Amino acid sequence: MNRPSSAVAGGVAGTAILSLLMILTEVQTRSQIRIFDVIARFVGLPGHAVIGFVLFVAAGVFAWPLLFVALEPYIPGGPDPAQRGIVLAAVLWIVFVITGRGSIGWPLVIVYAGLTLIAHLAYGFTLGAVYAHFRKPST
């Protein structure tokens, strides 16, 4: 598989894991985050959670994996794409945690930050690991 296709495959797997962990975050915060509403509001379309969901999936499956392909040689973490995926995901998490927390306050913000960090690191690891798997030369 070529690099972009491998990364998109990693994005699909990573987004599936990220989605499951974000559902857990919603449950643990008693649906106070409403991530898809936050994404829709961030792009200027408040009240359109479906558009927020579509953007969430599009970013996870296409935007971040293709950014990963473009930046991979420059991302620290050694030769292992899974480690590099974790580094990229940590940077994405910093932006996400600043812009995406909605109106939750203390102490739920601690739960939110911790669970979303785990979710993003799992996304990055999966993105990089699947990418590496499909990039291996066939024998």
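pLDDT is the predictor's confidence in each residue, on a scale from 0 to 100.

**View 1. Confidence along the predicted chain.** This is a predicted model, so a look at pLDDT is a good way to begin. The chain averages a pLDDT of 90, with 95% of its residues at 70 or more. Among the elements, helix α3 (residues 49–71) has the highest mean, 96, while helix α2 (residues 35–42) has the lowest, 84.

**View 2. Helix α4 from end to end.** Here you can follow the 19 residues of helix α4, residues 81–99. From first C-alpha to last, α4 reaches 27 Å, close to the 27 Å expected at 1.5 Å a residue. At the start of α4, look for Asp80: one of its side-chain oxygens comes to within 3.1 Å of the backbone nitrogen of Ala82.

**View 3. The buried residues of α4.** Ala82 turns up again here, as a buried residue of α4 alongside Pro81, Arg84, Gly85, Leu88, Ala89, Leu92, Trp93, Phe96 and Val97. The packing partners of these buried residues are α1 (3–28), α2, α3 and α5 (108–135).

**View 4. The largest pocket.** For anyone thinking about volumes, the largest pocket holds about 520 Å³ of space. Its lining counts 20 residues, and those nearest the centre are Ile39, Ala59, Trp64, Phe96 and Thr99. Helices α1, α2, α3, α4 and α5 each give two or more residues to this lining. The biggest share comes from α3, with five residues. Phe96 links this view to the previous one: Phe96 is among the buried residues of α4 and also lies among the lining residues nearest the pocket centre.

Technical notes:
Residues are numbered from 1 along each chain as its sequence is written. This is a predicted model: local features need pLDDT of at least 70, side-chain atom pairs count only at pLDDT 80 or more; totals for chains, interfaces and linings use all residues. Side-chain values use heavy atoms; hydrogens and water are left out. Helices (H or I, at least four residues) and strands (E, at least two) are DSSP runs, numbered from the N terminus. The expected span of a helix is 1.5 Å times one less than its number of residues. Buried means under 20% relative accessible area, exposed over 50%, partly exposed in between (1.4 Å probe, protein chains only). Contact means heavy atoms within 4.5 Å. A polar contact is a pair of N or O atoms within 3.5 Å; within protein, one must be able to donate a hydrogen and the other to accept it, and residues adjacent in sequence count only if both atoms are side-chain atoms. On a 1 Å grid over the protein atoms alone, a cavity is a set of points where a 1.4 Å probe fits but cannot get out, and a pocket is an open set with protein on both sides within 12 Å along at least five of seven lines; lining residues have an atom within 4 Å of a point. Grid points are joined across faces, edges and corners, and a volume is the space filled by probe spheres set on the points.
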